[in-house]
Every structure is written in structure tokens, then in C-alpha cells.
Amino acid sequence: MQKIPLGTSGMHVSKVCLGTMTFGDQNNESEAFQLLDYAFDRGINFIDTAEIYPVMPQAATQGLSETIIGNWLKKRGLRDKIVLATKVAGPSRLISWLRNGKNDLDEKNIRLAIESSLRRLKTDYIDLYQLHWPSRNVPFFGKVIFNPKDERPSIPVEETLTVLGKLIDEGKIRHIGISNESAWGLMEFIKTAEAKGLPRIVSIQNAYNLTDRHFEIGMDEICFRENIGLIAYSPLAFGQLTGKYIDNPKIRGRLTLFSSDWNAHYRRPAVLEATRQYMQLAKDHGMTPAQLALAWCYSRWFIDATIIGGTKLEHLKENIDAISISLSDQIIDRINEIHSLITNPGL
């Protein structure tokens, strides 16, 4: 498994990152341990989680993903061999039970979040601490149109970076990253850090897949010139790009188990049509749809690591194996042709 530097952090991470948002809901601890063991044996040293996991976020299960990972790290004695990433949640009316519904990216909330994550993960430090989504009004999670009417009070970037700087000085986190950010937000974090002498982000975790390639519209250049690593999530569009929902619309999975309001962007008719065309392309070249979708992400020059999951061991194996697939120019040309006809339907 290839390992590369993540941005300017100096940390070498596997090109494949294990996502854990199913741990504690779709996967119990025993099943999660199997997935973690297999991923580690295959050379994956990068694990991503969040304080609100598993999904769907709810008070009864919040933090279980981190707890399971912490139990695994302690039992296996692997903390020094793992690059561990987690996230602090931004404000949201959908998680009103988190910190009494008063959560934001200020010092009080970030300190409460990091202490809870450290306790659940059974560690003294986090390698990569990420802001799960911004404090300010910005479209994310399938929304792309900025609406000034949605403006609200928010925590300034400088204030958030100052808190994170203190936590770095205290040894509780090593490096910081952002997630679900816009181009403006990405540059604001870079600019503020440089102007104020505050810690610089090393990564951004945003969605990227065959139905959502909007990262290529400017943000790829920013990351290239500023040496920020992209950690791509949802490479299979919540499982849609595996083709399983096309073949069986009622099959058990995130798109059928959870509220349609949460993932409606991957249910759109245009996404289904694009998926059908990618399924046919994969079949024509002797691949599964999942292999095609993941091989695409693994081959992109601007992606440092791609987050994969899998509730079953065979799914995880297929997802990891796809890193050995090399896409021909013919396949890439066809992918771009489909994209030009059905552009970013997953946005």
C-alpha cells in the first residue's frame, strides 16, 4: 500500500483511508474489529472518524465509532502505527442534542469536543483534527448555491485557528484540517494563518466521486499551489456508484436505511442515469462498478487519500483491491464524455 505525505504535515498516510461512520450502527464492535484488522493487514495506516459518528447522527449512538476505534487501538497496541483523524462538529439544528444545541467552533465547544474524543479514542493526541463543517453560512452536503439570506452569526476563522493553535501547543493534536469547505473558506484559512502566525491547515476533506467532481473547478489548483492534501470522501456516492440500488432499489444500505432528506442529492434521476452509464462502462471493461469508481479516485493527482468503508469484509476487500487497477486512456475518455453530458448530478 503506497503511503505519501499528507500536505505539508510530514505524516505519511496510505492512499486508502478507512472510514468508520458505520461503526456502532451498521457494524457492531466485533464486525468493526474485523474490518479494522483487515485494513491494517492490507497496509492501511490512516483511519478517519468524527465525534458525531455513527451515521445517522443521533444522541443514543453518538461517539460509538470513536469508542470502538479506541477499544481496537488499545487491544491491538497499534496507536503509534496509525494516523488517526477525527472531527469536531460545527453548528447544526439537526444535532440539537450535541452540547445542549449550542455547539459552534469556539474555544469552549472545541475543548469539550477534543477532550471527549481523546477519552473515547483512548489516546493522548489526535494526528489530524478536522472541522467537520464551517461555522458560517455555506452550502455543503449536496447543496451548492450560496444564499446570503441564510447569513447568521458565526465564529471567525481567526478565533477557531487560535483555539486549535493552543491545542497543538498542548500536544493534544498534531495537525489540523477542514472539511466540507468552499474555495473561499479554503483560502481564508490559509490567508488567516499566514497573516496571524497561526497553525496552517494541511488537508481538506470534501466529497469527490464520478457524480460530484466540482472540486476540479478551482479548488484543485488551490490545493496544488498551497500544498493542501485532499482527503476525498463518498467516492461511491453513498453506495450509489456500486450499482446495487439500480439493481435492487430496496436493498439494505445507507440510501434506504436513512432519511431521504440527508442524501437526496444521490437519489436524483440524473445520478441514476449517470450511474447506469458508468455501470455499463465498467461491465464493458471487466470491472465492477465499484472498482471503476474507486480506481478513478485513486488515480486523481490531487487526491492524497480516498476514504472507503464497507459494512462487510468482502466489500472492503473489493474497495481496497481497486487501487491496483489502472484505467486506460480509453476508459478515462469515456468517463469524461459521460461527465460532459451529465455534469456533477450528485451536487
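The largest cavity has a volume of about 30 Å³, in a model that is predicted rather than experimentally determined. With the cut-off set at 30 Å³ or more, the count comes to one cavity. The lining of this largest cavity is formed by Leu18, Leu36, Ala39, Phe40, Ile44, Ile47, Trp72 and Ile82, and these residues divide into eight nonpolar, no polar and no charged. Among the contributing elements, helix α1, which spans residues 29-41, gives the most to the lining of the largest cavity, with three residues.

Two of the lining residues, Phe40 and Trp72, also take part in the aromatic contacts of the model, in which six aromatic pairs are found. The ring centres of Phe40 and Trp72 are 6.4 Å apart and the ring planes stand at 70°, so the pair is classed as edge-to-face, given that planes over 60 degrees apart fall into that class. Because Phe40 lies in helix α1 whereas Trp72 lies in helix α2 (residues 64-76), the pair ties together parts that are 32 residues apart in sequence. The two partners were assigned to separate exposure classes: Phe40 is partly exposed, with a relative accessible area of 25%, while Trp72, with a relative accessible area of 1%, is buried.

A further edge-to-face pair is formed by Trp301 and Phe302, with 5.3 Å from centre to centre and 90° between the planes. In this pair the tryptophan, Trp301, is exposed, with a relative accessible area of 57%, whereas Phe302 is buried, with a relative accessible area of 7%; the limits applied here are over 50% for exposed and under 20% for buried. Trp301 and Phe302 also belong to a cluster in which ring pairs link them with Tyr208, Phe215 and Phe224.

Aromatic rings are also approached by arginine side chains in the model, as shown by Arg79 and Arg300. Arg79 lies over the face of Tyr125, at a distance of 4.1 Å from the ring centre. Arg300, for its part, is placed over the face of Trp296, where the distance from the ring centre is 3.7 Å.

Taken together, the description of the cavity and that of the ring contacts meet at Phe40 and Trp72, both of which line the largest cavity and form with one another an edge-to-face pair.

How values were computed: Residues are numbered from 1 along each chain as its sequence is written. This is a predicted model: local features need pLDDT of at least 70, side-chain atom pairs count only at pLDDT 80 or more; totals for chains, interfaces and linings use all residues. Side-chain values use heavy atoms; hydrogens and water are left out. On a 1 Å grid over the protein atoms alone, a cavity is a set of points where a 1.4 Å probe fits but cannot get out, and a pocket is an open set with protein on both sides within 12 Å along at least five of seven lines; lining residues have an atom within 4 Å of a point. Grid points are joined across faces, edges and corners, and a volume is the space filled by probe spheres set on the points. Helices (H or I, at least four residues) and strands (E, at least two) are DSSP runs, numbered from the N terminus. Ala, Val, Leu, Ile, Met, Phe, Trp, Tyr, Cys and Pro count as nonpolar, Asp, Glu, Lys and Arg as charged, and the others, Gly among them, as polar. Rings of Phe, Tyr and Trp (its six-membered ring) pair if their centres lie within 6.5 Å; planes under 30 degrees apart count as stacked, over 60 as edge-to-face and the rest as tilted. Buried means under 20% relative accessible area, exposed over 50%, partly exposed in between (1.4 Å probe, protein chains only). A charge sits over a ring if NZ of Lys or CZ of Arg is within 6 Å of the ring centre and within 35 degrees of the ring normal.
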